[in-house]
Amino acid sequence: MTGGTSAPREGGAAFTGQGAGEVTAGEPGAAASPRHEVAFPQQGTHEVTFTQQGMWVTEQAVKVGTAYHMPLLVHLRGALDTGALLAACAAVVDRHPMLRGVVAEVDDELRLVPGAEIPVRRATGSPGGSPDGSPTGSPSDFPSGSPAGSPDGFPAGSPDVGGTAGADAAVREEILREFDLEHGPLARFTLFETGPGRHLLVFVAHHLIFDGQSKDILVRDLAAFYNGERPSPLPEIDHGRSERDRVAAMLPAAKEFWAPRWRDPGETVLLGRALRSRRAGEGRVLRLTADPSVPGLTRFEVLLAALHVLLSGYGNAEVTTAVDLSTRPAEAADHIGLFVNELPVASTPSPEATFREFATGLRAELRQVYRFRQVPLTRAMPRIRPHAALVPVSVSYRTRHEADPVFTGLDTSVEWTVFNHAVRGALHLQCVDGPGGLTVSLRHDPAAVPDAPRVADDLRLLLERATHDPDLPLKEILNQILE
């Protein structure tokens, strides 16, 4: 989102951030919202998960900026029932108390406790906008116990966002706005009216209480409540306690597994530059699409193998990347929360091996790592110091099997990989494989990876060559794309 003067949008007025109205869901005068089943025991009585503990410690120890901000955009076109949408936001928060939680020290232990009320911000579209492209006003706060690609992260042609500087600036501001980790809230909704019959719902949560799959759950439940449906009650789960039981059972074997495998990652060479960054900082993003299909391998396995092959072509005899793995148990399939564990995956690509042979071997190593996906590496190897990233290069990959949820009477689209303007480590690939294909958001530190467009092109070409003829030796594939 870039600066500049606000201009009229096609068929509508220019965006401004002028607010309107105020509600508090669940209180007198709020949009009608029935109370819904609480999915957790009484807040303040259950433990944080290991991932929440590690993330909280990292936030205290190092500067991470907005690296843990998780934004989501829902574009709504048509005759929106604003009251019904605010009530749906309220119902979603009632259904998922994790959204209200904060991590706090209680009796020398970290626990989830109730945080401040979750706000919904509402803005209307009208002519205007400041000369620098920022909105002329700020949206009004709607406090709520249950609330009512370009270089800066928005894909070219993004509906209702990409063409209006004022709207761009306002959405960017929502994404960048800091969270109060001590008091909360750690989530917020903002509803923008961007033109006649056009609205944009911006949701941002802190990663402490939210993960990639939570995006699907949130939008699905939001649509259900907007449509007047009532999802089935959620089971009551103490996630932290149940996780500790699972990890305790696996820990001895996990320690034995990681002892010969883990070593400090050192540096990763990328186009002649040595990447060492494991911090979080301001980032940039590039996007590419791919169809990484090879019989006998999953699309994720093909993508990860291609990344390892490319890194080997850049001069890394031994390659280590980190992978975000889901730890979500079956009983939490419909719960919003943080169910992710970052683990390293290492390989030594041989130039003589075919892509299929190498990817099959990497698949076998992944299967070994999957056995211990529930165990944080810091539990198995407790001397690891806190970093925002485990290694300089990492990957997250999420598969979406269903089309975007339907909001009755509206033409709706969802942006699932909105950039948070930061990166953990030097290079992170955030991937969503959905009904429309695989989208890779290549997030990078511009100082560490100034040649990111070249990296994106090399990866795209390597995927094309490898999927077209997976029985080519790696040295031939690399010669074709790096010559």
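Leaving aside its neighbours within four places in sequence, which residues is Thr51 in contact with? The partners are Leu338 and Val340. Thr51 itself is found in helix 1. Its relative accessible area is 18%, so Thr51 counts as buried, the cut-off being under 20%. The model described here is predicted.

## The largest cavity

Thr51 also helps to line the largest cavity. So do both of its contact partners, Leu338 and Val340. The other lining residues are Thr49, His239, Ser242, Glu243, Arg246, Thr327, Pro329 and Phe339. The space inside the largest cavity is about 60 Å³. Helix 5 gives the most to this lining, with four residues. By class, the lining of the largest cavity has four nonpolar, five polar and two charged residues.

Ile237 sits in the loop between helix 4 and helix 5. Its relative accessibility is 9%, so Ile237 counts as buried. Ile237 and Ala332 are 95 residues apart along the chain. Their C-alpha atoms, however, are separated by 7.8 Å.

## Two pockets

The table sets out the two largest pockets and the cavity.

| Space | Volume | Nonpolar residues | Polar residues | Charged residues |
|---|---|---|---|---|
| Largest pocket | about 1200 Å³ | 20 | 12 | 17 |
| Second largest pocket | about 690 Å³ | 14 | eight | six |
| Largest cavity | about 60 Å³ | four | five | two |

Start with the largest pocket. Its lining holds 49 residues. Nearest its centre lie Gly212, Gln213, Tyr397, Arg398 and Thr399. Several elements give two or more residues to this lining. The helices are helix 4 (212-226), helix 6 (299-313) and helix 7 (355-370). The strands are strand 2 (69-78), strand 13 (319-326), strand 15 (393-399), strand 17 (422-424) and strand 18 (427-434). Which element gives the most to the lining of the largest pocket? Helix 4 does, with six residues.

The second largest pocket has 28 lining residues. Closest to its centre are Gly54, Met55, Thr58, Thr378 and His387. Helix 1 (50-61), strand 14 (340-347) and helix 8 (377-380) each give two or more residues to the lining. Helix 1 gives the most, with seven. Helix 1 is also where Thr51 is found.

## A buried glutamate

Glu301 is found in helix 6. Is Glu301 buried or exposed? Its relative accessible area is 2%, so Glu301 is buried.

What does the side chain of Glu301 reach at 2.9 Å? One partner is the backbone nitrogen of Thr298. A polar contact of 2.9 Å also joins the side chains of Glu301 and Arg367. Leaving aside neighbours within four places in sequence, Glu301 is in contact with Arg363, Leu366 and Arg367. Arg367 thus appears in both descriptions, as a polar partner and as a contact.

## Aromatic pairs

How many aromatic pairs does the structure hold? There are six. Two of them are described here.

Phe189 and Phe203 form a tilted pair. The rings are 4.9 Å apart, centre to centre, with 55° between the planes. Phe189 is in strand 7 (residues 187-195) and Phe203 in strand 8 (residues 198-206). The two residues are 14 residues apart, and the pair links distant parts of the chain. Both Phe189 and Phe203 are buried.

Phe257 and Phe372 also form a tilted pair. Their centres are 4.9 Å apart, with 35° between the planes. Phe257 lies in helix 5 (residues 239-258), and Phe372 in the loop between helix 7 and helix 8. The two are 115 residues apart in sequence, so the pair ties together separate parts of the chain. Phe257 has 6% relative accessibility and therefore counts as buried. Phe372, at 5% relative accessibility, counts as buried too.

One aromatic cluster is formed by Phe189, Phe203 and Phe210. Phe189 and Phe203 of this cluster are the tilted pair with 55° between the planes.

Notes
Residues are numbered from 1 along each chain as its sequence is written. This is a predicted model: local features need pLDDT of at least 70, side-chain atom pairs count only at pLDDT 80 or more; totals for chains, interfaces and linings use all residues. Side-chain values use heavy atoms; hydrogens and water are left out. On a 1 Å grid over the protein atoms alone, a cavity is a set of points where a 1.4 Å probe fits but cannot get out, and a pocket is an open set with protein on both sides within 12 Å along at least five of seven lines; lining residues have an atom within 4 Å of a point. Grid points are joined across faces, edges and corners, and a volume is the space filled by probe spheres set on the points. Ala, Val, Leu, Ile, Met, Phe, Trp, Tyr, Cys and Pro count as nonpolar, Asp, Glu, Lys and Arg as charged, and the others, Gly among them, as polar. Buried means under 20% relative accessible area, exposed over 50%, partly exposed in between (1.4 Å probe, protein chains only). A polar contact is a pair of N or O atoms within 3.5 Å; within protein, one must be able to donate a hydrogen and the other to accept it, and residues adjacent in sequence count only if both atoms are side-chain atoms. Contact means heavy atoms within 4.5 Å. Rings of Phe, Tyr and Trp (its six-membered ring) pair if their centres lie within 6.5 Å; planes under 30 degrees apart count as stacked, over 60 as edge-to-face and the rest as tilted.
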